[in-house]
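Dear colleague,

Please find the structure below for your consideration. A short account of the findings follows it.

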Amino acid sequence: MAKKQFKAESKRLLDLMINSIYTHREIFLREIISNASDAIDKLAYKALTDQNVGLSREDFRIRVVLDKDARTITVSDNGIGMTKEEMEENLGVIAHSGSFKFKSELDKGENDDVDIIGQFGVGFYSAFMVSDKVTVLSRAYGADAAYKWESEGADGYTVTECDKETVGTDVVMHIKPDAGEEHYGEFLETWRIKELIKKYSDYVRFPIRMDIEHTEYVETEELDEHGHKKTEPVTHTEEETVNSMVPIWQRSKAEATDEACIAFYKERFHDTEDPVAVIRVNAEGLTSYRALLFIPAKAPYDFYSRDYKPGLALYSSGVMIMESCADLLPECFRFVRGVVDSPDLSLNISREILQHDRQLKTIAGNLENKVKAELLKLQTADPEKYDTFWAAFGRQIKYGIVGDYGMKKELLKDLLKFYSSNDEKLTTLKEYVSRMPEAQKYIYYAAADSLRTAAGLPQNEQVKAKGYELLYMTEDIDEFAVQMLYSYDDKELRSVAAGDLGLETEEEKKEQEETAGKSKELLDFLKETLKDDVADVKLSKSLVSSAVCMSYEGEITLEMERYFRQMPGEAGEKIRAKRVLELNPAHPAFASLTAAFGADRDRAGKIARVLCDQAKLLAGLPVEDLAAYSEAVCGLL
Ligand code: ADP
């Protein structure tokens with residue numbers, strides 16, 4: 001019998017399937033099972049109004065049969081079936097609305113092809129990824145005859161009448177022979193097929209049944225050397241339902257308790273710890289979907305590396321479309337785990353990808369707000385749990401503030417927590433602001449690479465003397481986040497190492513200017529002596545008991561300089577803060593310096609260097625020449 005030819009588009013798709021890369025092949029089963037489930041859906045729907053169907057919901061099932069000798073996988077359903085015409089129409093052509101768009105997607109480039117197969121699948125044709133021949137036997141509901149469609153791939157297909165008593169469809173896939181590295185034989189192993197059903201089709205709403213072998217050890221009449229009855233293995237085969245059918249996220253809260261959800265999380269996402277929060281979403285409207293999300297308690301070991309795969313598992317009515325769909329979450333919430341299921345999303349690529357995108361965007365937007373709301377709730381309801389979360393993912397939130405040119409800072413600012421001088425505990429900016437006295441202009445913070453150094457910065461004293469609270473910032477990302485944030489609740493964030501802390505009264509300012517005027521000559525001398533180290537030398541407004549401190553002017557803070565110093569290349573070498581050495585005019589060291597300046601310039605220069613190095617050490621900056629420093633100190637002693 002003459003073979004009918006596939007339409008050009010279909011041929012192209014077939015070629016793609018036949019030559020697909022290995023990792024994507026396994027989705028063929030999901031596609032075939034999902035077609036079976038759709039066909040059952042159609043007949044089950046008919047059965048609601050048509051008594052003649054004679055089947056009720058419990059009677060529907062999908063059977064998967066493996067035959068190692070014949071090298072076939074057969075997927076049978078008792079769904080609506082196909083007439084001869086439908087076979088020609090549906091299996092001979094990609095006659096779907098989106099096919100043209102699909103093709104233009106494919107034309108974009110070779111790499112896109114591969115992603116499309118992996119992420120969305122391409123329906124019936126995917127059977128050719130693993131088969132060298134596909135036979136479809138089908139009897140349509142209400143039809144007089146059954147038909148057989150058969151194809152060995154790109155060279156066409158045949159349709160003939162055949163024997164099939166029951167309504168429904170059998171798809172028989174003749175598995176390709178193993179060749180070299182290619183082990184198609186794995187798809188004839190029960191464990192492997194069971195695994196694939198669990199992975200992709202676990203929540204298909206009809207039972208997927210398979211023959212599963214069981215081995216039992218039964219006692220025989222024979223005795224062993226101890227006089228016990230010997231046992232021997234007896235295997236028997238039982239038909240079992242492999243899929244669990246109703247996904248946990250489709251169940252009501254009463255049916256799926258938090259405990260059950262947590263157990264699901266641990267198994268599915270391989271975590272040994274309970275998540276800090278479980279988020280359930282059941283959205284109905286233009287885009288309806290259900291989501292079950294989890295906020296883990298600890299970061300996976302690879303979380304801050306490139307290996308970590310962010311995203312949520314994406315399902316369409318219980319069938320997995322994508323294992324991790326990164327587009328469903330903003331980067332700042334990449335730690336969230338979970339699943340999203342929307343019946344509005346199609347399994348098949350041939351219905352516009354663009355449309356998916358819009359729906360995905362709506363879902364992603366909603367989820368972003370849900371995650372934030374849940375975290376804020378946790379912050380007040382269970383601060384301890386929140387702090388566990390913060391320890392694991394606070395850094396990610398800060399990166400989120402800095403990233404995308406600050407686009408997410410409004411979303412994230414209330415999630416921030418920093419150590420505070422108030423009680424040496426973590427505090428939010430909101431809490432800080434609520435404690436601010438009326439006269440306090442800025443939110444003050446001290447930055448250093450450890451809590452101890454930050455808490456011990458000499459500039460802190462003046463702020464504390466006013467009774468103001470300080471936040472301590474100890475992570476390299478902190479100052480970038482703060483600079484992006486700029487202010488909270490209209491209160492500017494100010495580093496204690498920034499020149500002007502806005503602490504003095506007008507009178508104090510005047511007094512300082514007078515002192516500075518008197519010391520102008522000395523300051524000029526110091527600037528000249530230390531010009532390689534600092535951009536400016538000033539009399540300090542913020543020191544109480546310390547002789548010196550280092551502050552900065554301009555955009556780049558001392559902490560940022562420290563951060564960049566660790567980086568290789570140009571940034572590491574060139575990015576420097578404009579350092580300002582501040583001297584405390586009330587300190588005895590200043591008196592010694594002034595005296596030396598009048599009597600012995602050489603000695604004054606030495607004192608100046610030592611003071612400058614002191615300031616560097618206090619700020620956690622490196623002193624380049626330690627030997628010279630030590631010698632200078634000893635010389636002065
Ligand atoms: P899609 O399922 O996205 O429409 P497919 O290429 O997977 O695309 O299938 C093409 C069509 O073939 C289906 O839409 C359906 O009409 C028909 N079909 C496939 N498998 C079956 C089946 N088991 N029973 C009935 N019809 C089927």
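**Helix packing and nonpolar cores**

Helix α14 (residues 478-485) and helix α17 (residues 558-565) pack with their axes 9 Å apart, at an angle of about 130°. Helices here are DSSP runs of H or I, at least four residues, numbered from the N terminus; axes are lines fitted to C-alpha atoms over the stretch in contact, with angles from 0 to 180 degrees between N-to-C directions. The two helices α14 and α17 are therefore oblique to each other (neither under 35 degrees, nor over 145, nor 65 to 115). Glu479, Phe480 and Gln483 of α14 meet Leu558, Glu559, Met560, Tyr563 and Phe564 of α17, contact meaning heavy atoms within 4.5 Å.

This is a predicted model, in which local features need pLDDT of at least 70, side-chain atom pairs count only at pLDDT 80 or more, and totals for chains, interfaces and linings use all residues. Residues are numbered from 1 along each chain as its sequence is written, and side-chain values use heavy atoms, leaving out hydrogens and water.

The largest nonpolar core (buried Ala, Val, Leu, Ile, Met, Phe, Trp, Tyr and Cys residues joined through side-chain atoms within 4.5 Å) has 71 residues, and Ile295, Phe333, Phe335 and Phe389 have the most contacts inside it. Buried means under 20% relative accessible area, with a 1.4 Å probe and protein chains only. Helix α9 (residues 383-402) supplies the largest share of this core, seven residues. Domain 2 (263-381) and domain 3 (416-498) both contribute residues, so this core lies between them; the domain bounds come from an automatic or database assignment. A second, separate core of 66 residues includes Ile33, Ala47, Leu188 and Phe206.

Yours sincerely

Terms used:
Buried means under 20% relative accessible area, exposed over 50%, partly exposed in between (1.4 Å probe, protein chains only).
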